[in-house]
Each structure stands twice: as C-alpha cells, then as structure tokens.
Amino acid sequence: MTIYSPIHTVNFRLLNAISVKRDDLIDPYISGNKWRKLKYILKDVEAKKKTHLITFGGAYSNHLVATAAAASRNNLKSTAFVRGEIVTNEMLLLCKLFGMDLIFTDRESYKNKPLLFSSHFGNNSQTYFIDEGGASEEAVIGCAEVIDELTESYDHIFCAAGTGTTASGLLKGINNHKLQTKLHVIPVLKGGSFIENEIQQYEADLSNLQIHTGYHFGGYAKTTPVLIQFIKDFTGETGMLIDPVYTAKMFYAINDLVSKNYFKKEDKILAIHTGGLLGILGMKEKLGGNLNRD
Ligand SMILES: *Cc1c(COP(=O)(O)O)cnc(C)c1O
C-alpha cells in the first residue's frame, strides 16, 4: 500500500525553509498519526479474525473518527466509549456516519477501560480492544515507519505529543537507522515531562530525545490569544492548516526556538504534521470569533 505523505517546505517569519512531513494529507478522516497507529492494529485484527473494534476517547477525539472510518472501510463494526455526558458535535457526527456506536460513559467509570470492555463485551469473542488514542506496540511500529520513508537526513525532527506513542515510534525509527537526528517532542499537556517515562516503555535509548515542556499553553486543548493569532498568521502565510490542539503548539515551539537562536543556521529541521485538522471544528468560536482580522 502506498501512502501520500510528501515533504513540503514552508517559509514563515523567522523560519528559514523548514521541511514538513505532511502526514495530514494521508487521509481526511483517518488523520496523520492515527492512520499510522492503526495500521498494524488492523493487521492484528485481521490475523485474529476479529470483526468488532472497541475503543475509547473524549468527545473531540481524532482517534475516534479515525477508528470509525478505518472500521467502516475494512468491513468491521466499531463501538466507542465516549468520556463524559451525552453531547453532539461534528466529530461524533462523523463517527456515527461511519457507523460507530457511541456509549457515553461518566468520567469515573471511564477510568477503568479494561473493566468497561469486559463488562460490556466480555462474552463477545468478535471484539478487539483498542486503547485510548490507539496506544500500543503496534502503534509504535507504525509510527517508526515515518523515519523509514525519509530520503534525506535532518538534524532535528519535531512532533507534538499527547500520550507519547507517536514520539516513541519516531525515536525507535531514528535509533533503528542509527541517525544523528535529535527528536524534539512538544507535549500538549501540562506537566509534560511524564512523556519521557511513556517513551521509555517502548524505546530504551533516549539519547536522541529532547522534550520541551513549556509549550502547552495552559494544558490539553487549551489555547491563548497568542496561540490563536499564531494559527491565523501561520495558515494565512503558508497555506497550510494546523490544528489548535497539537500541531499549532509544535509549530509555535519551532518558531520560538528559532527566534531564540536555539539552532545553528545550517541545521535542517523536519516537522511532522500529524494531522488532527478536524480539531479546528472544536474551536470554531475561538478561531473564527473575530472574523474581522485587522
Ligand atoms: C493524537 C494526536 C497526537 C498525539 O499522538 P500521541 O501518540 O498520543 O502522542 C499528535 N498530533 C495529532 C494531530 C493527533 O491527533
């Protein structure tokens, strides 16, 4: 299977021509890293002859839409436990259109995913458990393939991190190829240093890893006016959409580090655009609230 994830060059403000791996272009619904994370999970599903995917996520989860779309294309059923009270939004609408069953689950019950799985589907041998965000060994293997696809070498590779699974895969890929590349990880949650432990579960050698914990903008799915303005400026100037939850924080970080002379002039930088553009729909008011941009 060939995938469409070209490398494009963008020029923005201080950034002098950084390269961007366009995983956002792989698919409009099975977006970016979620596609990579599901790739080997779906192979395992096929090998085990399962027919029904069961997964978990918040009401704005890119992973839920990705799983729903992937399931319907592979003739699989899908069910998601959705954290919190009953809501409707664009993401869940897409999930339903792709045929996913949604089970809204209070926050306390949601914490114990294996219990939710076994109490609802314990007797159903057709079901396959996929953790929140697709976190798994299979996901790490899928994400490592980003590095296999590179035809040039880079001094620095950047990615945004939620659980750190994607970063684990990238680091594994860098180490497998014995590259000198530094992997810079931008946690989008507050207190992001926990990502290091997450990554260590999958990849022991952390010598090429650098985590930047100062770009969370208040925490997961939180934004500030500075970040919102950055998104508008960046997209307006480059023609490339970025999402407010993940990739905007990563691009902001790169731009900020460049402005602080963190890199050498000749350093080659690659940013992984992990997709997540449907996340824009979750922030319509913030992003479009003032349409009279001056
Ligand atoms: C889910 C997601 C991430 C985070 O991936 P992790 O493997 O959980 O760290 C990054 N970017 C986008 C666009 C995502 O949807």
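**A note on how the two domains meet**

1. Let's begin where the halves touch: 22 residues of domain 1 are in contact (heavy atoms within 4.5 Å) with 15 residues of domain 2. Please keep in mind that this is a predicted model, where local features need pLDDT of at least 70, side-chain atom pairs count only at pLDDT 80 or more, and totals for chains, interfaces and linings use all residues. Residues are numbered from 1 along each chain as its sequence is written, and side-chain values use heavy atoms, with hydrogens and water left out.

2. Where are these domains? Domain 1 is made of 7-28 + 137-288, and domain 2 covers 34-134, with bounds from an automatic or database domain assignment. Their centres, taken over C-alpha atoms, lie 25 Å apart.

3. Between domain 1 and domain 2, about 1,600 Å² is buried, with 55% given by carbon and sulfur atoms. This is the accessible area (1.4 Å probe) that two parts lose on being put together, summed over both.

4. Charged pairs deserve a look too. Five salt bridges (a side-chain nitrogen of Lys or Arg within 4 Å of a carboxyl oxygen of Asp or Glu) are counted between domain 1 and domain 2. Arg73 and Asp27 form a salt bridge, with 2.6 Å between the closest N and O atoms.

5. Which helices supply at least two residues each to the side of domain 1 that touches domain 2? They are H6 (137-148) and H7 (165-176), helices being DSSP runs of H or I with at least four residues, numbered from the N terminus. H6 gives the largest share of that side, seven residues.
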